[in-house]
Amino acid sequence: MFLRSVQIMKQQFPNQTAYPFSISALNGVESINLQGNVTFFVGENGSGKSTILEAIAYQCGFNTAGGGRNNYFEVDASSSSLGNYIRLSWMPKLTNGFFLRAETFYQFASHIDEMPESLQYYGGRSLHAQSHGEAFLSLFQHRFGKKAIYLLDEPEAALSPARQLALLRIMKDLEREAQFIVATHSPILLGYPDAQILNFDQSPIESIRYEDTLHYIVTRRFLENKKAVLAELFSE
């Protein structure tokens, strides 16, 4: 494991009533301690998991629009408001890695097309020449390597269930020499063996068992009794 903890510098927040400094998960914790090479952030939309992940990317020197340290392109609302208010504790520090933002992946693919010499690191052909899911998987298969940290914000957005399983295999192959921090809503990805799962719906942020996550509970209930769930949902 390389990144050990994320310190939240609340005493330096410029305005604790404005977003993102008003996120309850941030105000309830001094630091986020990472306990292994695979950590998942879970929580409802707006709980702060993507905001923290983006701030970590900022402190790693990655492009907060998506990419690594050498990817320079901009998209609207890609700057990290929180980035200057956290500190990372490393052992040892890494400079290699990648930040995946599912929502800006199209712009990232266009950026790579402007550097044809870089395509060899992404499977040898334009990411735009592949389906969204194929492009994601090509990125994971060809760009990811050892001794690096990978920050993935909702990677399941473009992946079928089968390809989510393929991502789990890639993570397993790299786990001993790479670190993954993943913000996700996917009960498939959350099932990664022995992963740390941090629940952003609680304040302070705390570890949670896979079987206790709302993602697992809702998905299991739906699969085991679809008719009852739908009847309850659609009842007047």
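These legends walk you through close-up views of a predicted model.

**View 1. Three strands make an open sheet.** The strand order is 2-1-4, and the pairing is antiparallel. At the edges sit strand 2 (31–33) and strand 4, each of which pairs on one side only. On average, neighbouring strands here are turned by 20° against each other, direction ignored. As a reminder, strands of a sheet pair through backbone hydrogen bonds, either parallel or antiparallel.

**View 2. Strand 1 meets strand 4.** Look for strand 1 (residues 3–8), which runs antiparallel to strand 4 and is joined to it by five bridges. You can find V6 opposite L88 of strand 4, while I8 has I86 as its bridge partner.

**View 3. Strand 4 has two faces.** Follow residues 86–90: I86, L88 and W90 belong to the covered face, whereas R87 and S89 belong to the uncovered one. This fits a simple pattern: in a regular strand the side chains alternate between the two faces of the sheet.

**View 4. Helix 2 packs on the sheet.** Helix 2 (residues 49–60) touches strand 1, strand 2 and strand 4. The direction of helix 2 makes about 65° with that of strand 4.

**View 5. Helix 6 packs with helix 7.** The axes of helix 6 (residues 214–224) and helix 7 (residues 226–234) are 5 Å apart, at an angle of about 110°. Because angles of 65 to 115 degrees count as roughly perpendicular, helix 6 is described as roughly perpendicular to helix 7. From helix 6, R221, F222 and E224 meet K226, V229, L230 and E232 of helix 7. Sorted by class, this contact holds three nonpolar, no polar and four charged residues.

Key: Residues numbered from 1 in each chain as written. Predicted model: local features only at pLDDT ≥ 70, side-chain atom pairs only at ≥ 80, totals over all residues. Heavy atoms only, no water. Buried < 20%, exposed > 50% of the residue type's maximum accessible area, 1.4 Å probe, protein only. Helix = DSSP H or I, 4+ residues; strand = E, 2+ residues; numbered from the N terminus. Pairing = 2+ DSSP bridges. Axes fitted to C-alpha atoms, helices over the stretch in contact; angles between N-to-C directions. Contact = heavy atoms within 4.5 Å. Parallel < 35°, antiparallel > 145°, perpendicular 65-115°, else oblique. Nonpolar A, V, L, I, M, F, W, Y, C, P; charged D, E, K, R; others polar.
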